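The following report describes a two-chain structure, beginning with one helix pair and then moving outward to the chains and their interface. The sequence and coordinates are shown first.

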Amino acid sequence: MRRRLFWDRFFEKSFSLSAVLAVLILGGIFGMLLYNGLRAFGSIAPGYFFSLAEWNPAAYTAPSYGIGAMLTGTVLTTLGAMVFAVPVGIGMAFFVSEIAPPRARAMLKPAVEMLAAVPSVVVGFLGIVLVGPFLAGLFHLPNGLNALNGAILLAVMALPAVVTVADDAIHAVPHTYKEASYALGANRWETLVRVTLPSCYSGILAAVMLGMGRAIGETMTVLMATGNATAFPNGFFDPVRTITATVAIEMGEVPAGTPHYFSLFACALVLFLLTLIVNVLAERITSNLRKRGQ
Amino acid sequence: MMAKKHIQLFGIASLVTCAAIVVGFLGLILFDLAWKGGIVLNWEFLVRYPKKGMTEGGIFPAVFGTAVVTLLATALAAPLGIACAVWLQEYAPDTPLTRLVRASIRNLAGVPSIVYGLFGLAVFVEGMGMGMSVLASGCTLALLTLPSVITTTEEALRNVPRLLREGALALGATRWETIRAIVLPAAVPGILTGIILALSRAAGETAPILFTGVAFYSRYLPASVFDEFMALPYHLYILSTQHHDPVAVRPLAYGTALVLLALVLMLNSVAFVVRARHR
């Protein structure tokens, strides 16, 4: 018996180590970014780093490090993507969970999972060969590699997350609410808009936040399809370069230990904090929801 | 009364449109790749090396590299992820530490893949001296897929009825004996689904391997885990943006994209079937 209890304790302890590992990895990522990222500010003033100054760290005489234009690129493509993905994603979630007959639902859910599985590099490739030429023809542009292209692709990448989480939120609305509404003579649409939607409002907000987190952190699609100009964009038809793309392009070529090297870690730190804030907000919303549901 | 009906009709029609747009995106992706990639796809394309500056030939080293690094990543992530999920679901008391572990896992799932790439560069490539290698990329991808392995395994464990556990414990089994003999066997299909989805995710990722081991072109297959490798997603990226003549190699890029998509969707379908069978 003692032996058997020993093994029980042994596995409990050794499995708990792997759980602690999860904390260590997150802490390690944050620590690594802080350690390397903050060293950038030894030679670059923080105010300058976040300014609209040019991003030209490879310049021979006077390298400059301003991420303002790239932050704008990230914000522009992400918001553009959300303008598209939020209504379409939520609309589809309502259709799947409230309107669609069971057979349609059984086909639509795997379709969303399939879309979620498409690798980002494939979406980026289609941005070059399909969306780019399409936009160029539609708006008479020399090429279609711009912020709008990136926004469309990011919308495709964010859609599955929005649909899935919104669908879960809609499902969590108690049946009795809807039944009460029908009993009062409301039709399906009125019930959906006036009863179901307000009851799962915060869950849908969480879906939007998660989709946004996905879009901010996306690398390959924007790297391939937004034109990658470091100049400040004046609109959706200008090429942009996001923070993720900058790290992806420059990290492979920069010598370790230089200010340029550390400045890329600082970029990644900004990116990490942005996505962390968005994800923590989304989590707050859902945990509040869960507490209220109990 | 008539107006109400019209509003409802219009409303539902707009929801149908939303669903149609999403399905349309998927259809467009599948159709375009199958159509234009199908032309170049044949057995030779899969088993030949790239030739003449990657303007001709096949993609064998990329297929091989992706297979090896994906399997390695999953072989590393699966035991750790399952152990972590078993602890959380079967052993963990509700303490601040447990809540911290859960919060960490949720947040790890939201960390951008390029940040994992930087972590891999700083820790595995430089810190541990693995260099640009299959091993460093495999470890980085393992970290990336870990949260999803943990989450799916936890869900599989949660779906095992409590009564089974209580029955085993009442017969005098220890917690570990219950887990090994009762809980884990019942959760195998769910865990397997999670592992296959992790494979699929790792196979399609580009950003984490960019600075940890993937090579632009290599004449030989990696001879050990300390060699660089070629990978399908990176090969597609190279062919479509970094090649000196991207228009000329477009058919090859289409073929590569189709192979990658087919691989990922095949894994997802297997996961789907495993899950559907055991429900």
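## Packing of two helices in chain B

In this predicted model, the axes of H3(B) and H8(B) approach to within 9 Å and cross at roughly 140°. The crossing of H3(B) over H8(B) is right-handed. On the side of H3(B), the contact is formed by B:Thr66, B:Thr70, B:Ala73, B:Thr74, B:Ala77, B:Ala78, B:Ile82, B:Val86, B:Glu90 and B:Tyr91. H8(B) contributes B:Arg175, B:Ile179, B:Val183, B:Ile191, B:Ile195, B:Ala198, B:Leu199, B:Ala202 and B:Ala203. By class, the residues of this contact comprise 14 nonpolar, three polar and two charged.

Another part of chain B is represented by B:Ala168, which lies in helix H7 (residues 162–170). B:Ala168 counts as partly exposed because it has 19 C-beta neighbours inside 10 Å, whereas a buried residue requires 20 or more. Leaving aside residues up to four places away in sequence, B:Ala168 touches B:Ala173, B:Thr178, B:Ala181 and B:Ile182. For one of these partners, B:Thr178, the separation from B:Ala168 is 10 residues in sequence and 5.8 Å in space, C-alpha to C-alpha.

## The two chains

The overall descriptors of each chain are set out below.

| Chain | Helices and strands | C-alpha extent along principal axes | Buried residues |
|---|---|---|---|
| A | 12 helices, two strands | roughly 75 × 75 × 35 Å | 49% of 294 residues |
| B | 11 helices, two strands | about 70 × 70 × 35 Å | 50% of 279 residues |

Read along the sequence, the elements of chain A follow the pattern α-α-β-β-α-α-α-α-α-α-α-α-α-α. For chain B, the order from the N terminus is α-α-β-β-α-α-α-α-α-α-α-α-α. Considering contacts between residues at least 6 apart in sequence, 74% of those in chain A join residues at least 24 apart. The corresponding share in chain B is 75%.

## The interface

How many residues of chain B are in contact with chain A? The contact involves 67 residues of chain B and 67 residues of chain A. On the chain B side, at least two residues each come from helices H1 (2–38), H3 (60–91), H4 (96–110), H5 (113–127), H8 (175–204), H9 (207–210), H10 (232–242) and H11 (250–277). H1(B) supplies the largest share of this side, 17 residues. The side of chain B that touches chain A consists of 46 nonpolar, 14 polar and seven charged residues. H3(B) and H8(B), the pair described at the outset, are both among the contributing helices.

## Core and helices of chain A

The largest nonpolar core contains 190 residues, and A:Val162 and A:Ala268 have the most contacts inside it. Helix H6 (residues 147–171) of chain A gives the most to this core, with 18 residues. Apart from residues up to four places away in sequence, A:Val162 touches A:Ala85, A:Val86, A:Gly89, A:Ile90, A:Ala207, A:Val208 and A:Gly211.

Two further helices of chain A may be described by their burial. Helix H4 (residues 102–117) has 16 residues and reaches 23 Å from its first C-alpha to its last, close to the 22 Å expected at 1.5 Å a residue. The buried residues of H4(A) are A:Leu108, A:Val112, A:Met114, A:Leu115 and A:Ala117. In helix H11 (residues 243–250) of chain A, six of the eight residues are buried, so this helix is largely enclosed by the rest of the structure. Those buried residues of H11(A) are A:Ile243, A:Thr244, A:Ala245, A:Thr246, A:Val247 and A:Ala248.

## Loop residues with positive phi

Most residues other than glycine have a negative phi. Which value does phi take at A:His140? Phi of A:His140 is near 55°, a positive value in a residue other than glycine. A:His140 is located in the loop between helix H5 (120–139) and H6 of chain A. With 7 C-beta neighbours inside 10 Å, A:His140 counts as exposed.

A:Asn228 likewise has a positive phi, of about 55°, although it is not a glycine. A:Asn228 belongs to the loop between helix H10 (220–225) and H11 of chain A. Because A:Asn228 has 19 C-beta neighbours inside 10 Å, it counts as partly exposed.

Notes. Residues numbered from 1 in each chain as written. Chains lettered and ligands numbered in written order. Predicted model: local features only at pLDDT ≥ 70, side-chain atom pairs only at ≥ 80, totals over all residues. Contact = placed C-beta atoms within 7 Å. Helix = DSSP H or I, 4+ residues; strand = E, 2+ residues; numbered from the N terminus. Nonpolar A, V, L, I, M, F, W, Y, C, P; charged D, E, K, R; others polar. Buried ≥ 20, exposed ≤ 12 C-beta atoms within 10 Å, placed from the backbone. Core = buried A, V, L, I, M, F, W, Y, C linked by C-beta atoms within 7 Å. Expected span 1.5 Å × (residues − 1). Axes fitted to C-alpha atoms, helices over the stretch in contact; angles between N-to-C directions. Left-handed = near helix turned anticlockwise from the far one by under 90°.
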